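Work through the exercises below with the sequence and the model side by side. Try each task before reading its solution.

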Amino acid sequence: MDEATETAFALDELDLAARNHAMPLEALRYDVTPEGLHYLLIHYDIPEIDPATWRLEISGLVETPLSLSLEALRARPRVSAQVTLECAGNGRALLEPRPVSQPWLLGAVGNAEWTGTPLAPLLREAGLSEAAVDLAFAGADRGVEGDVEQDYERGLPVAEALREDVLLAYEMNGRPLPPQHGYPLRLVVPGWYGMAHVKWLRRIRVLARDFDGYQNLQGYRIRSDEDDPGRPVERIVVRSLLVPPGYPSFQPRLRHARAGRHRVHGRAWSGFGPVEEVAFSADGGRSWSGAELGPEPPPNAWRAWTCAWDAAVGEHELCCRATDATGATQALEADWNVGGYENNAVQRVRVEVVA
(Lines give C-alpha, C1' and ligand atoms only; values in the text may rest on other atoms or scores of the structure.)
Protein backbone atom coordinates (compact mmCIF):
# COMPACT_ATOMS: atom_id res chain seq x y z
CA MET A 1 0.00 0.00 0.00
CA ASP A 2 1.51 3.35 -1.03
CA GLU A 3 1.56 6.51 1.09
CA ALA A 4 -1.29 8.13 -0.86
CA THR A 5 -3.54 5.12 -0.24
CA GLU A 6 -2.72 5.18 3.46
CA THR A 7 -3.72 8.81 3.88
CA ALA A 8 -6.45 9.43 1.28
CA PHE A 9 -9.73 7.71 0.51
CA ALA A 10 -10.11 6.38 -3.05
CA LEU A 11 -13.17 7.40 -5.08
CA ASP A 12 -14.62 3.87 -4.92
CA GLU A 13 -14.39 3.98 -1.11
CA LEU A 14 -16.23 7.31 -1.10
CA ASP A 15 -18.86 5.76 -3.35
CA LEU A 16 -19.31 2.96 -0.80
CA ALA A 17 -19.44 5.43 2.08
CA ALA A 18 -22.14 7.45 0.29
CA ARG A 19 -24.30 4.35 -0.29
CA ASN A 20 -23.89 2.92 3.19
CA HIS A 21 -24.09 4.69 6.53
CA ALA A 22 -23.11 4.33 10.17
CA MET A 23 -25.27 4.87 13.22
CA PRO A 24 -24.57 8.28 14.81
CA LEU A 25 -23.12 7.55 18.24
CA GLU A 26 -25.74 9.74 19.93
CA ALA A 27 -28.27 7.08 18.83
CA LEU A 28 -26.78 4.81 21.52
CA ARG A 29 -29.33 6.48 23.77
CA TYR A 30 -32.12 4.36 22.25
CA ASP A 31 -32.79 0.85 23.53
CA VAL A 32 -34.09 0.01 20.05
CA THR A 33 -32.37 1.80 17.17
CA PRO A 34 -34.80 3.55 14.79
CA GLU A 35 -34.46 1.92 11.38
CA GLY A 36 -33.27 5.15 9.75
CA LEU A 37 -30.38 5.37 12.23
CA HIS A 38 -29.41 1.68 12.21
CA TYR A 39 -26.14 1.04 10.37
CA LEU A 40 -26.48 -0.07 6.76
CA LEU A 41 -24.16 -2.01 4.46
CA ILE A 42 -25.20 -3.04 0.94
CA HIS A 43 -22.62 -5.17 -0.88
CA TYR A 44 -24.00 -4.80 -4.41
CA ASP A 45 -27.37 -3.17 -5.32
CA ILE A 46 -30.76 -3.14 -3.63
CA PRO A 47 -32.56 -5.71 -5.81
CA GLU A 48 -36.01 -5.13 -7.29
CA ILE A 49 -38.32 -7.81 -5.87
CA ASP A 50 -42.01 -8.44 -6.58
CA PRO A 51 -43.45 -9.81 -3.32
CA ALA A 52 -46.30 -11.47 -5.22
CA THR A 53 -43.94 -13.78 -7.12
CA TRP A 54 -41.05 -13.98 -4.63
CA ARG A 55 -40.43 -17.38 -3.06
CA LEU A 56 -38.01 -18.80 -0.51
CA GLU A 57 -36.59 -22.05 -1.88
CA ILE A 58 -35.19 -24.73 0.45
CA SER A 59 -33.32 -27.50 -1.36
CA GLY A 60 -30.37 -29.86 -1.13
CA LEU A 61 -30.13 -32.53 1.58
CA VAL A 62 -33.78 -32.45 2.63
CA GLU A 63 -36.54 -35.02 2.23
CA THR A 64 -39.05 -32.44 1.00
CA PRO A 65 -37.80 -29.38 -0.90
CA LEU A 66 -39.92 -26.33 -0.12
CA SER A 67 -41.01 -23.22 -2.00
CA LEU A 68 -42.62 -20.72 0.36
CA SER A 69 -44.38 -17.42 -0.33
CA LEU A 70 -44.19 -14.47 2.02
CA GLU A 71 -47.80 -15.13 3.02
CA ALA A 72 -46.95 -18.73 3.93
CA LEU A 73 -44.06 -17.58 6.11
CA ARG A 74 -46.24 -14.96 7.80
CA ALA A 75 -48.78 -17.67 8.61
CA ARG A 76 -46.19 -19.61 10.60
CA PRO A 77 -45.43 -19.04 14.31
CA ARG A 78 -44.37 -15.42 14.85
CA VAL A 79 -41.47 -14.35 17.08
CA SER A 80 -39.99 -10.92 17.88
CA ALA A 81 -36.55 -10.35 19.37
CA GLN A 82 -34.11 -7.51 19.90
CA VAL A 83 -30.78 -8.36 18.28
CA THR A 84 -27.63 -6.24 18.13
CA LEU A 85 -26.01 -6.30 14.69
CA GLU A 86 -22.48 -5.09 14.08
CA CYS A 87 -20.50 -5.05 10.83
CA ALA A 88 -17.34 -7.16 11.01
CA GLY A 89 -15.42 -4.20 9.59
CA ASN A 90 -16.52 -1.73 12.26
CA GLY A 91 -13.46 0.35 13.17
CA ARG A 92 -11.59 -0.55 9.98
CA ALA A 93 -10.76 3.07 9.10
CA LEU A 94 -8.92 3.47 12.41
CA LEU A 95 -6.30 0.84 11.56
CA GLU A 96 -2.83 1.70 10.25
CA PRO A 97 -2.18 1.01 7.45
CA ARG A 98 -5.85 1.36 6.59
CA PRO A 99 -7.43 -1.62 4.78
CA VAL A 100 -9.13 -0.35 1.62
CA SER A 101 -12.87 -1.05 1.86
CA GLN A 102 -16.00 0.49 3.38
CA PRO A 103 -14.31 3.07 5.68
CA TRP A 104 -16.12 2.46 8.96
CA LEU A 105 -15.16 4.42 12.06
CA LEU A 106 -17.19 3.15 15.04
CA GLY A 107 -20.86 3.41 14.13
CA ALA A 108 -21.43 0.23 12.11
CA VAL A 109 -23.85 -1.15 14.70
CA GLY A 110 -27.49 -1.05 15.74
CA ASN A 111 -30.02 -2.85 17.91
CA ALA A 112 -33.37 -3.44 16.23
CA GLU A 113 -36.41 -5.55 17.02
CA TRP A 114 -36.73 -8.21 14.33
CA THR A 115 -39.95 -10.13 13.76
CA GLY A 116 -40.32 -13.31 11.77
CA THR A 117 -40.54 -17.07 12.06
CA PRO A 118 -37.85 -19.37 13.51
CA LEU A 119 -35.74 -21.18 10.93
CA ALA A 120 -35.19 -24.46 12.84
CA PRO A 121 -38.79 -25.78 12.74
CA LEU A 122 -38.89 -25.14 9.00
CA LEU A 123 -35.71 -27.15 8.47
CA ARG A 124 -37.06 -30.00 10.57
CA GLU A 125 -40.30 -30.01 8.58
CA ALA A 126 -38.31 -30.18 5.34
CA GLY A 127 -36.55 -33.26 6.71
CA LEU A 128 -32.96 -32.18 7.24
CA SER A 129 -30.57 -35.00 6.37
CA GLU A 130 -28.21 -36.40 8.99
CA ALA A 131 -25.44 -35.90 6.43
CA ALA A 132 -25.98 -32.12 6.41
CA VAL A 133 -22.90 -30.07 7.31
CA ASP A 134 -23.53 -26.50 6.15
CA LEU A 135 -26.42 -24.38 4.94
CA ALA A 136 -25.81 -21.83 2.17
CA PHE A 137 -28.06 -18.73 2.31
CA ALA A 138 -28.31 -16.73 -0.92
CA GLY A 139 -29.72 -13.25 -1.38
CA ALA A 140 -31.18 -11.69 -4.52
CA ASP A 141 -28.37 -9.13 -4.72
CA ARG A 142 -25.78 -9.93 -7.39
CA GLY A 143 -22.32 -8.52 -8.10
CA VAL A 144 -18.65 -9.25 -8.73
CA GLU A 145 -16.02 -9.97 -6.09
CA GLY A 146 -12.70 -11.69 -6.53
CA ASP A 147 -13.36 -11.51 -10.31
CA VAL A 148 -16.34 -13.84 -9.84
CA GLU A 149 -19.95 -12.91 -10.65
CA GLN A 150 -22.07 -14.16 -7.77
CA ASP A 151 -25.15 -13.78 -5.63
CA TYR A 152 -24.29 -12.67 -2.13
CA GLU A 153 -24.19 -16.03 -0.35
CA ARG A 154 -22.99 -17.09 3.10
CA GLY A 155 -22.68 -20.48 4.77
CA LEU A 156 -23.71 -21.37 8.31
CA PRO A 157 -22.97 -24.65 10.14
CA VAL A 158 -26.00 -26.84 10.77
CA ALA A 159 -25.65 -26.54 14.55
CA GLU A 160 -25.89 -22.73 14.30
CA ALA A 161 -28.78 -22.82 11.81
CA LEU A 162 -30.77 -25.07 14.17
CA ARG A 163 -30.53 -22.65 17.09
CA GLU A 164 -34.04 -21.67 18.17
CA ASP A 165 -33.21 -17.94 18.08
CA VAL A 166 -32.22 -17.83 14.38
CA LEU A 167 -34.99 -16.01 12.51
CA LEU A 168 -36.34 -15.56 9.02
CA ALA A 169 -37.30 -11.93 9.58
CA TYR A 170 -39.91 -9.98 7.60
CA GLU A 171 -40.33 -7.00 9.96
CA MET A 172 -37.99 -4.47 11.56
CA ASN A 173 -39.19 -2.47 14.56
CA GLY A 174 -42.79 -3.53 13.95
CA ARG A 175 -42.93 -2.61 10.25
CA PRO A 176 -42.18 -4.51 7.03
CA LEU A 177 -38.47 -4.63 6.27
CA PRO A 178 -37.33 -1.47 4.44
CA PRO A 179 -35.89 -2.24 0.98
CA GLN A 180 -32.35 -1.43 2.15
CA HIS A 181 -32.64 -3.84 5.09
CA GLY A 182 -33.64 -6.86 3.03
CA TYR A 183 -37.32 -6.70 2.03
CA PRO A 184 -39.14 -9.04 1.87
CA LEU A 185 -37.07 -11.46 4.01
CA ARG A 186 -33.69 -11.60 5.70
CA LEU A 187 -31.80 -13.98 7.93
CA VAL A 188 -31.06 -12.94 11.53
CA VAL A 189 -28.33 -14.92 13.33
CA PRO A 190 -27.99 -13.49 16.87
CA GLY A 191 -24.42 -13.13 18.09
CA TRP A 192 -22.82 -13.24 14.62
CA TYR A 193 -21.43 -10.31 12.69
CA GLY A 194 -23.66 -8.72 10.07
CA MET A 195 -22.24 -10.59 7.06
CA ALA A 196 -24.13 -13.71 8.24
CA HIS A 197 -27.52 -11.95 8.30
CA VAL A 198 -28.22 -12.42 4.58
CA LYS A 199 -30.67 -9.86 3.17
CA TRP A 200 -33.21 -10.31 0.32
CA LEU A 201 -33.05 -14.00 1.17
CA ARG A 202 -34.37 -16.24 -1.62
CA ARG A 203 -32.59 -19.60 -1.38
CA ILE A 204 -31.35 -21.99 1.31
CA ARG A 205 -29.24 -24.98 0.17
CA VAL A 206 -28.42 -27.80 2.58
CA LEU A 207 -24.93 -29.15 1.87
CA ALA A 208 -22.92 -32.26 2.82
CA ARG A 209 -19.72 -30.15 2.99
CA ASP A 210 -18.47 -26.82 4.21
CA PHE A 211 -19.76 -24.01 2.00
CA ASP A 212 -16.89 -22.84 -0.22
CA GLY A 213 -18.36 -19.67 -1.72
CA TYR A 214 -16.45 -16.40 -1.88
CA GLN A 215 -17.92 -14.79 1.25
CA ASN A 216 -16.80 -17.74 3.40
CA LEU A 217 -13.60 -18.93 1.75
CA GLN A 218 -12.07 -15.62 0.62
CA GLY A 219 -14.07 -12.76 2.11
CA TYR A 220 -14.60 -12.28 5.83
CA ARG A 221 -11.51 -14.05 7.09
CA ILE A 222 -8.89 -12.89 9.59
CA ARG A 223 -5.62 -12.93 7.61
CA SER A 224 -2.22 -11.53 8.55
CA ASP A 225 -1.22 -11.12 4.89
CA GLU A 226 -2.57 -11.85 1.40
CA ASP A 227 -1.14 -15.40 1.38
CA ASP A 228 -2.56 -16.37 4.78
CA PRO A 229 -5.68 -18.61 4.45
CA GLY A 230 -6.77 -17.22 7.81
CA ARG A 231 -9.76 -18.12 9.94
CA PRO A 232 -13.41 -17.26 9.32
CA VAL A 233 -15.11 -14.27 10.91
CA GLU A 234 -18.05 -15.50 12.96
CA ARG A 235 -19.20 -14.25 16.38
CA ILE A 236 -19.06 -10.65 17.55
CA VAL A 237 -16.18 -9.98 19.94
CA VAL A 238 -16.92 -7.94 23.05
CA ARG A 239 -17.25 -4.18 22.57
CA SER A 240 -18.55 -1.02 24.21
CA LEU A 241 -19.17 2.51 22.97
CA LEU A 242 -20.00 5.77 24.74
CA VAL A 243 -22.07 8.73 23.62
CA PRO A 244 -19.54 11.56 23.21
CA PRO A 245 -20.47 14.15 25.86
CA GLY A 246 -20.83 17.88 25.28
CA TYR A 247 -21.04 19.28 21.76
CA PRO A 248 -18.82 18.99 18.65
CA SER A 249 -17.02 21.36 16.39
CA PHE A 250 -18.20 20.83 12.82
CA GLN A 251 -14.75 19.92 11.55
CA PRO A 252 -12.67 18.47 13.09
CA ARG A 253 -15.10 16.56 15.34
CA LEU A 254 -13.44 17.61 18.59
CA ARG A 255 -15.85 17.54 21.55
CA HIS A 256 -16.33 20.48 23.90
CA ALA A 257 -17.91 20.31 27.36
CA ARG A 258 -18.43 22.50 30.42
CA ALA A 259 -16.50 21.81 33.61
CA GLY A 260 -18.44 19.94 36.27
CA ARG A 261 -20.19 16.61 36.69
CA HIS A 262 -21.32 14.75 33.58
CA ARG A 263 -23.22 11.51 33.28
CA VAL A 264 -21.45 9.53 30.57
CA HIS A 265 -23.47 6.69 29.12
CA GLY A 266 -23.26 4.08 26.38
CA ARG A 267 -23.88 0.48 25.35
CA ALA A 268 -21.91 -2.77 25.44
CA TRP A 269 -22.42 -6.14 23.72
CA SER A 270 -20.80 -9.46 22.84
CA GLY A 271 -21.64 -12.45 20.68
CA PHE A 272 -20.16 -14.77 23.29
CA GLY A 273 -22.54 -14.08 26.16
CA PRO A 274 -23.78 -11.30 28.44
CA VAL A 275 -21.66 -8.25 29.24
CA GLU A 276 -20.72 -8.42 32.92
CA GLU A 277 -18.55 -5.34 33.39
CA VAL A 278 -17.82 -1.96 31.79
CA ALA A 279 -14.94 0.28 32.92
CA PHE A 280 -14.58 4.00 32.18
CA SER A 281 -11.45 6.13 31.87
CA ALA A 282 -11.07 9.90 31.46
CA ASP A 283 -7.27 9.84 31.04
CA GLY A 284 -6.76 7.69 27.96
CA GLY A 285 -6.79 4.38 29.81
CA ARG A 286 -4.17 5.09 32.47
CA SER A 287 -6.76 4.66 35.23
CA TRP A 288 -10.21 3.05 35.20
CA SER A 289 -13.37 3.14 37.29
CA GLY A 290 -16.32 0.78 37.18
CA ALA A 291 -19.45 1.88 35.34
CA GLU A 292 -22.98 1.09 36.48
CA LEU A 293 -24.69 -1.48 34.29
CA GLY A 294 -28.29 -0.99 33.26
CA PRO A 295 -31.02 -3.64 33.61
CA GLU A 296 -30.38 -7.06 32.11
CA PRO A 297 -31.35 -6.72 28.42
CA PRO A 298 -32.99 -9.34 26.19
CA PRO A 299 -30.57 -12.22 25.47
CA ASN A 300 -29.06 -10.88 22.23
CA ALA A 301 -29.38 -7.13 22.75
CA TRP A 302 -26.82 -4.58 23.88
CA ARG A 303 -26.64 -3.47 27.52
CA ALA A 304 -26.81 0.10 28.78
CA TRP A 305 -24.19 1.51 31.16
CA THR A 306 -23.53 4.87 32.84
CA CYS A 307 -20.70 6.50 34.78
CA ALA A 308 -20.25 9.84 36.55
CA TRP A 309 -17.39 12.02 35.30
CA ASP A 310 -16.18 15.08 37.19
CA ALA A 311 -14.73 17.05 34.31
CA ALA A 312 -11.92 19.46 35.11
CA VAL A 313 -10.79 22.22 32.76
CA GLY A 314 -8.36 20.87 30.16
CA GLU A 315 -8.18 18.23 27.49
CA HIS A 316 -9.23 14.67 28.25
CA GLU A 317 -9.41 11.35 26.41
CA LEU A 318 -12.45 9.28 27.36
CA CYS A 319 -12.46 5.49 26.96
CA CYS A 320 -14.75 2.60 27.85
CA ARG A 321 -13.88 -1.08 28.08
CA ALA A 322 -16.27 -4.04 28.37
CA THR A 323 -15.82 -7.59 29.66
CA ASP A 324 -18.21 -10.43 28.78
CA ALA A 325 -19.26 -13.62 30.57
CA THR A 326 -16.33 -15.59 29.11
CA GLY A 327 -13.87 -13.15 30.71
CA ALA A 328 -12.90 -11.64 27.35
CA THR A 329 -12.08 -7.92 27.59
CA GLN A 330 -11.70 -5.31 24.88
CA ALA A 331 -8.21 -4.72 23.58
CA LEU A 332 -6.49 -1.41 24.33
CA GLU A 333 -4.95 -1.42 20.84
CA ALA A 334 -6.17 -3.13 17.69
CA ASP A 335 -4.51 -6.11 16.01
CA TRP A 336 -4.15 -5.39 12.30
CA ASN A 337 -5.48 -7.80 9.65
CA VAL A 338 -5.93 -7.61 5.88
CA GLY A 339 -9.69 -7.05 5.91
CA GLY A 340 -9.78 -4.83 8.99
CA TYR A 341 -12.17 -7.18 10.81
CA GLU A 342 -12.97 -7.65 14.52
CA ASN A 343 -11.37 -4.39 15.63
CA ASN A 344 -12.74 -4.10 19.17
CA ALA A 345 -10.06 -1.73 20.51
CA VAL A 346 -11.39 0.72 23.07
CA GLN A 347 -13.06 3.87 21.80
CA ARG A 348 -11.10 7.08 22.38
CA VAL A 349 -12.95 10.42 22.52
CA ARG A 350 -11.04 13.69 22.92
CA VAL A 351 -12.94 16.28 24.94
CA GLU A 352 -11.88 19.86 25.62
CA VAL A 353 -13.40 20.98 28.92
CA VAL A 354 -13.89 24.71 29.42
CA ALA A 355 -14.86 26.67 32.51
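The exercises that follow go from a sheet to a helix, then to cysteines, a surface patch and unusual backbone spots. The model is predicted.

**Exercise 1. The sheet**

Find the order of the strands in the open sheet of 6 strands, and say which strands stand at its edges.

Solution.
- Step 1. Recall how sheets are held: strands pair through backbone hydrogen bonds, either parallel or antiparallel.
- Step 2. Trace the open sheet: its order is E14-E15-E22-E21-E17-E18, and the pairing is mixed.
- Step 3. Look at the ends. Strand E14 (247-248) and strand E18 (289-290) are the edges. Each has a single partner strand, so one side of each has no neighbour in the sheet.
- Step 4. Check one pair inside the order. Strand E17 (residues 275-281) and strand E21 (residues 314-324) run antiparallel, joined by 6 bridges. In this pair, Val275 stands opposite Asp324 in E21.

**Exercise 2. A helix and its buried side**

Which residues of helix H4 (residues 119-126) are buried, and how are they placed around the axis?

Solution.
- Step 1. List the buried residues of H4: Leu119, Ala120, Leu122, Leu123 and Ala126.
- Step 2. Take their directions from the axis. They cover an arc of only 160°, which puts them on the same side of H4.
- Step 3. Move past the end of the helix. Gly127 follows H4, and its phi is positive, near 80°.

**Exercise 3. Cysteines**

How many disulfides does a search of the whole structure find? Explain the result for Cys87 and for Cys307.

Solution.
- Step 1. Recall the bond: a disulfide is a covalent bond between the sulfur atoms of two cysteines.
- Step 2. Set the cut-off: the two sulfur atoms must lie within 2.5 Å.
- Step 3. Search the whole structure. The count is 0 disulfides.
- Step 4. Take Cys87. The closest cysteine sulfur is in Cys320, 19 Å away, so the distance is too far for a bond. Cys87 is buried, at 5% relative accessibility.
- Step 5. Take Cys307. The closest cysteine sulfur is again in Cys320, at 10 Å, too far for a bond. Cys307 is buried too, with a relative accessible area of 6%.

**Exercise 4. A surface patch**

Which residues make the nonpolar surface patch of about 330 Å²?

Solution.
- Step 1. Name the members: Phe9, Leu11 and Leu14.
- Step 2. Place Phe9. This residue lies in the loop between helix H1 (3-7) and helix H2 (11-19).
- Step 3. Check its exposure. Phe9 has a relative accessible area of 41%, so it counts as partly exposed.

**Exercise 5. Unusual backbone**

Where do Pro97, Pro252, Asn173 and Tyr220 lie, and what marks each backbone?

Solution.
- Step 1. Recall the background: most residues other than glycine have a negative phi, and most peptide bonds are trans.
- Step 2. Go to Pro97, in the loop between strand E3 (79-86) and strand E4 (109-118). The bond joining Glu96 and Pro97 is cis, with omega about -5°.
- Step 3. Go to Pro252, in the loop between E14 and strand E15 (255-258). The peptide bond from Gln251 to Pro252 is cis, with omega near 5°.
- Step 4. Turn to Asn173, in the loop between strand E7 (167-172) and strand E8 (175-176). Its phi is positive, near 55°. Asn173 is buried, at 13% relative accessibility.
- Step 5. Finish with Tyr220, in the loop between helix H6 (214-217) and strand E11 (221-222). Its phi is positive, about 50°. Tyr220 counts as buried at 7% relative accessibility.

Technical notes. Residues are numbered from 1 along each chain as its sequence is written. This is a predicted model: local features need pLDDT of at least 70, side-chain atom pairs count only at pLDDT 80 or more; totals for chains, interfaces and linings use all residues. Side-chain values use heavy atoms; hydrogens and water are left out. Two strands pair if DSSP finds at least two bridges between them. Helices (H or I, at least four residues) and strands (E, at least two) are DSSP runs, numbered from the N terminus. Buried means under 20% relative accessible area, exposed over 50%, partly exposed in between (1.4 Å probe, protein chains only). The arc is that of the directions from the helix axis to the C-beta atoms. Patches are made of residues with over 30% relative accessible area and no salt bridge: like charges are joined within 9 Å, nonpolar side chains (Val, Leu, Ile, Met, Phe, Trp, Tyr) within 5 Å. Accessible areas come from the Shrake-Rupley method with a 1.4 Å probe; for residues, only the protein chains shown count as cover. A salt bridge is a side-chain nitrogen of Lys or Arg within 4 Å of a carboxyl oxygen of Asp or Glu.
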